[in-house]
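Biologist: Could you take a close look at one helix for me, along with whatever it packs against and the salt bridges around it? I'm new to this, so please go step by step.

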Amino acid sequence: MHDPSGPDGSVRGREIALLTNPTSGRGRGARHRDAALGRLRESGFVVRNLQGRDGDEALDLARACVADGVEALVVCGGDGLVHLGVQAVAGTGVPLGLIPSGTGNDVARYLGLPRTDPVAAADRVIASRRRTIDLARSGDRWFVTVLAAGFDAIVNERANAMTWPKGQMRYNLATLAELRTFRPLPYVLQLDDGAGVQTIEHEAMLVAVGNGPSFGGGLRITEGALLDDGLLDVVVITRMSKPKLVRSYPRLFTGRIDGVAEYVHRRVRSVTVAAPGIVSYADGERFGPLPLTVTCDPGALEVLA
C-alpha cells in the first residue's frame with residue numbers, strides 16, 4: 001500500500017500514535033491492536049503503542065502525542081475511545097485514524113471502514129486518505145455521533161449502574177425497568193437555524209441531537225443526519241402512551257419513523273436543550289447534565305477514511 005503523500009511514495013519513518021482500549025468489544029481491542037500494529041510497522045510507520053490505565057491517562061497520552069507532532073492519532077477501540085481521541089485532535093489538523101474493535105462502532109460505520117478486519121482497517125491508515133467532517137461542540141467538549149438527552153439517557157445511566165448482565169441485554173433490561181416509571185419530561189429547546197432563534201416547549205419522551213445518523217451500534221435515531229453539512233439534526237419524541245412507546249421504540253432506531261405523529265425532526269446550527277434531572281450521553285459516554293448548548297463545529301475533524 002503506497003501513500004501518495006510520502007515524498008518517495010512510502011511511509012517509512014513517519015511517526016503515528018496508536019492508542020488502544022484493550023478491553024473494548026469484550027477483549028477484541030487487544031487482539032485487533034496486535035494485528036493492526038504488525039501491519040502498520042511492516043508498512044514502515046514508526047508507531048507509538050499507547051494505552052492508559054484509565055480514560056484520563058489515555059487522554060493525557062493522546063494530547064501529548066498530538067502536541068509532539070505525530071502525523072496521526074489512531075485509536076483502536078469503540079465509539080468511546082473515538083470520543084476520547086476527538087478531544088485530543090479536534091481543530092488541530094492532526095487526523096484521527098480508527099481500528100474498530102468496540103461493540104457499537106458507529107463512527108466506523110459512518111466512514112465505511114472495515115469493522116471486523118483490523119488489518120484491512122490498518123490499510124486505510126496506511127493509504128492516508130483524509131476526509132474532513134463536522135463535530136458537535138458543547139463548551140470545550142466535542143462529539144461525533146449523537147447526544148442522548150431523554151429516555152435513552154436515563155436508560156444509559158441505569159445500564160451503567162448495573163453489573164449484570166453484560167452487553168445489549170443489560171440495555172434491554174434497563175429499558176424495561178425505566179419504562180415502568182417513566183413520565184414525559186418538560187423540555188425547553190432553543191433552536192438556531194442561522195436565520196433566527198426559535199424557542200419551543202414540549203412534553204417529551206426523548207430528545208436526541210445528531211451530528212451523524214446513529215449511535216449505540218446502528219440505532220438510527222437521527223436518520224438523515226450528514227457529517228459534513230454544517231448542521232445538527234434535532235429529534236424530539238413528544239408525549240406518547242406507554243403501549244405506543246413500546247410499539248414504536250424499535251422503529252425509532254431503524255430510521256423508519258414516518259407516520260409516528262409524535263416524531264419531530266429539525267435541522268439547526270445550534271440548540272440549547274433544557275429539562276430537569278437529565279444527564280446527557282454523547283458517543284455513548286456520560287457527557288453532562290442539562291441544560292446544554294450544542295453547536296455544529298464545521299470541518300473540525302480530519303479523519304483517515
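Modeller: Let's start with a bit of vocabulary: when two axes meet at an angle, under 35 degrees counts as roughly parallel, over 145 as roughly antiparallel, 65 to 115 as roughly perpendicular, and the rest as oblique. Keep in mind, too, that this is a predicted model.

Now to helix α2, which covers residues 55–68. Its axis lies 9 Å from that of helix α3 (residues 79–89), and the angle of packing is about 40°. Because an angle of about 40° falls in none of the three named ranges, α2 and α3 are oblique to each other. As for handedness, α2 passes α3 in a right-handed crossing. Who does the touching? On the α2 side you'll find G55, A58, L59, A62, R63 and V66, while α3 brings L84, Q87, A88 and V89. Sort the residues of this contact by character and you get seven nonpolar, two polar and one charged.

Next, the salt bridges. D68, which sits in α2, pairs up with R48 from strand β2 (residues 46–50), so to speak across the chain: the two are 20 residues apart. Their side chains meet in a salt bridge with an N to O distance of 2.7 Å. R48 has a relative accessibility of 22% and therefore counts as partly exposed, since buried means under 20%. This pair has company as well: E15, R48 and D68 are linked in a network of salt bridges.

Just past α2 comes another one to look at. E71 is in the loop between α2 and β3 (73–77), and E71 forms a salt bridge with R14, where the closest N and O atoms are 2.2 Å apart. R14 lies in the segment before β1 (15–20), so this bridge ties together parts that are 57 residues apart in sequence. The two partners also differ in how covered they are: R14 is buried, with a relative accessible area of 11%, whereas E71, at 30%, counts as partly exposed.

To put these in context, the whole structure holds 17 salt bridges. One of them is away from our helix: E157 and R286 meet at 2.8 Å, N to O. That pair links helix α6 (residues 151–161), home of E157, to strand β14 (residues 285–289), home of R286, and the two residues are 129 apart in the chain. E157 is partly exposed, with a relative accessible area of 27%.

Notes
Residues numbered from 1 in each chain as written. Predicted model: local features only at pLDDT ≥ 70, side-chain atom pairs only at ≥ 80, totals over all residues. Heavy atoms only, no water. Salt bridge = Lys/Arg side-chain N within 4 Å of Asp/Glu carboxyl O. Helix = DSSP H or I, 4+ residues; strand = E, 2+ residues; numbered from the N terminus. Buried < 20%, exposed > 50% of the residue type's maximum accessible area, 1.4 Å probe, protein only. Axes fitted to C-alpha atoms, helices over the stretch in contact; angles between N-to-C directions. Left-handed = near helix turned anticlockwise from the far one by under 90°. Contact = heavy atoms within 4.5 Å. Nonpolar A, V, L, I, M, F, W, Y, C, P; charged D, E, K, R; others polar.
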